[in-house]
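The following exercises are to be worked with the sequence and the coordinates at hand. Each task is followed by a solution in steps.

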Amino acid sequence: HPDLVVPRLRRTCPHLRTFIVTLRDPVDRAYSHYQMVTSADGTPAQRAARGTAWRGMTFGAVLRRELAALASLGLVVARAEGGDAPVYVPAPEAQEEDAYTAHQASIPMGSGSHSLL
């Protein structure tokens, strides 16, 4: 969404003339974040910062919970696709700024401070 991101970057960082962007596979990034948050490795301070909100949950269970939270905020809608699980698509009436703020406020702090989605 360069029509949304670039203007936001220009407002946030007006002094910068060049941006370097690193793209990452979103599923790999989400799974990496899940592994970091649920890992028993690290110092006591690191483990405390990660929280416990996802401990004992599978990656799939965390994703389903986050999709349900997004749906309850009206940010995505479930659409049946003939399979066992619904396919979620962005809600057409959701406004990006409001959506981001609402979703961030709904994330438990025991999840590494941001969501997988």
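**Exercise 1: A surface patch**

Task. Identify the nonpolar patch on the surface and state its accessible area.

Solution. The patch consists of L4, V5, L9, L16, F19, V21 and L23, which together expose about 610 Å² of accessible area. Patches are built from residues with over 30% relative accessible area and no salt bridge, like charges being joined within 9 Å and nonpolar side chains (Val, Leu, Ile, Met, Phe, Trp, Tyr) within 5 Å. A salt bridge requires a side-chain nitrogen of Lys or Arg within 4 Å of a carboxyl oxygen of Asp or Glu. Areas follow the Shrake-Rupley method with a 1.4 Å probe, and for residues only the protein chains shown count as cover.

The model is predicted: local features need pLDDT of at least 70 and side-chain atom pairs count only at pLDDT 80 or more, while totals for chains, interfaces and linings use all residues. Residues are numbered from 1 along each chain as its sequence is written, and side-chain values use heavy atoms, with hydrogens and water left out.

One member, L16, sits in the loop between α1 (2-12) and α2 (26-38). Its relative accessible area of 37% makes L16 partly exposed; buried means under 20%, exposed over 50%, and partly exposed in between (1.4 Å probe, protein chains only).

**Exercise 2: Overall composition**

Task. Give the order of helices and strands along the protein chain.

Solution. The chain contains five helices and two strands. Their order in sequence is α-α-α-α-β-β-α. Helices (H or I, at least four residues) and strands (E, at least two) are DSSP runs, numbered from the N terminus. Of the 117 residues in the protein chain, 21% are buried.

**Exercise 3: Geometry of two helices**

Task. Compare the expected span of α4 with the separation of its end C-alpha atoms, then do likewise for α2.

Solution. The expected span is 1.5 Å times one less than the number of residues. For the 14 residues of α4 (residues 59-72) this gives 20 Å, and the end C-alpha atoms are 20 Å apart, in agreement. The buried residues of α4 include F59, V62, E66 and L70. Viewed down the axis, the buried residues of α4 fall within an arc of 75 degrees and so line one face of the helix; the arc is that of the directions from the helix axis to the C-beta atoms. Exposed R64 and S72 are on the face of α4 turned away from its buried side.

For the 13 residues of α2, the expected span is 18 Å, and the end C-alpha atoms are 18 Å apart, which agrees. Here A30, H33, Y34 and V37 are buried. They occupy an arc of 100 degrees about the axis of α2, so they line one face of that helix.

**Exercise 4: The largest nonpolar core**

Task. Which residues make up the largest nonpolar core?

Solution. Its six residues are A30, Y34, V37, W54, F59 and V62. Helices α2 and α4 each supply at least two residues of this core, and α2 gives the most, with three. A nonpolar core is a set of buried Ala, Val, Leu, Ile, Met, Phe, Trp, Tyr and Cys residues joined through side-chain atoms within 4.5 Å.

**Exercise 5: The residue after a helix**

Task. Describe the setting of G74.

Solution. G74 lies in the loop between α4 and β1 (76-79), and takes a positive phi of about 80 degrees just after α4. At 29% relative accessibility, G74 is partly exposed. The C-alpha atom of G74 is 9.4 Å from that of P92, 18 residues away in sequence.
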